[in-house]
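Trainee: I'm new to reading structures. Can we go through this one together, a question at a time?

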Amino acid sequence: MENMLKSQVRGNLVVISGPSGAGKGSIIQEILKDNLNVWLSISMTSRKSRDGEVNGREYYFVTREEFEEGIKNQELLEYTEYSGNYYGTPRGKINEHLQSGQDVILEIEIEGALKIKELVKGALFIFIMPPNMKELKRRLENRKTETQDKVMMRFKRAYQEINEVTKYNYVVVNDELKNAVNKVKSILLAERCRVDRIEEIYIGNQEELLHESLVDNKNIVNLENKI
Ligand code: 5GP
């Protein structure tokens, strides 16, 4: 029997932003473990890799010159300069993954998010908030990967970014990782059920179905008579 709903096969383009230290990365890693048919786009950056980061896993780490070459060759869907370094989304395989039905996640800051909003109709925007600013500062300082100046720069930028939250569709507070992950997952799943993703509804032939149900009823009556 035919399925009732024929929905768009194309996945959603999902932009996840939030101040540095809000925990976007940890939330996304948990979601990827869950086999929800989600693909994470790996950005290109000219920032130096931190201890434990692997080229091609967290980022494609390149020099400023290589990054500028990428801009010139139009290899990037969007890019920005943040805290003195370039960051950008390679066009690469995004479309391919969307077409195969996977949701594609871009973990990018607000300027890039706004560019995607202009470029991609129907993209989805989720903002991850820290529980409060004191906790954000604590998380940034605890990372110990950045100089004190850079920590302060990221902290100041967090204030600006939080002011832009109304430009997003959803906001999730990362007070406890498990709660935040569940909320983001729920958003992804709910978005796949949107009515505007339905292309066709198949409800079959009413007469035929009525006939079938009458036959079923008759069987029940017969069965009852036998008992
Ligand atoms: P971090 O240095 O902490 O890894 O990243 C700094 C900021 O750059 C984060 O807010 C992160 O979301 C953002 N970012 C990472 N990749 C991209 C990208 O491809 N494009 C843009 N616009 N921002 C990015």
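Mentor: Sure, and one thing before you ask. This is a predicted model, where local features need pLDDT of at least 70, side-chain atom pairs count only at pLDDT 80 or more, and totals for chains, interfaces and linings use all residues. Residues are numbered from 1 along each chain as its sequence is written.

Trainee: Which residues come nearest to the ligand?

Mentor: A residue is near a molecule if its C-beta atom, placed from the backbone, lies within 6 Å of it. There are 15 residues around the ligand, and the ones that come nearest are S43, Y87, I108, E109 and G112.

Trainee: Which element gives the most residues to the shell around the ligand?

Mentor: Helices (H or I, at least four residues) and strands (E, at least two) are DSSP runs, numbered from the N terminus. Two or more residues come from each of β6 (76-82), β7 (85-90) and α4 (110-119). With four residues, the element that gives the most is β6.

Trainee: How do β6 and β7 run, parallel or antiparallel, and how many bridges join them?

Mentor: Strands pair if DSSP finds at least two bridges between them. In this pair, T80 of β6 stands opposite Y87 in β7. The two strands form a hairpin with two residues between them, where S83 takes a positive phi near 55 degrees. They run antiparallel, and the number of bridges is six.

Trainee: Which strand is joined to β7 by two bridges?

Mentor: Look at M44, which stands opposite G88 in β7. The strand covers residues 43-45 and runs antiparallel to β7; that's β4.

Trainee: Why are the buried residues of α4 on the same side?

Mentor: Buried means 20 or more other C-beta atoms within 10 Å of a residue's own, exposed means 12 or fewer, and partly exposed is in between, with C-beta atoms placed from the backbone. In α4 the buried ones are I110, G112 and A113. They sit on the same side because the arc they cover around the axis (from the directions of the C-beta atoms) is only 155 degrees.

Trainee: Which residues are exposed on the other side of α4?

Mentor: The buried residues of α4 pack against β2 (13-17), β6, β7, β9 (124-129) and α6 (148-162), with contact meaning C-beta atoms, placed from the backbone, within 7 Å. On the other side, the exposed ones are E118 and L119.

Trainee: What share of the chain's residues is buried?

Mentor: The chain has eight helices and eleven strands. Out of its 227 residues, the buried share is 26%.

Terms used. Two residues are in contact if their C-beta atoms, placed from the backbone, lie within 7 Å.
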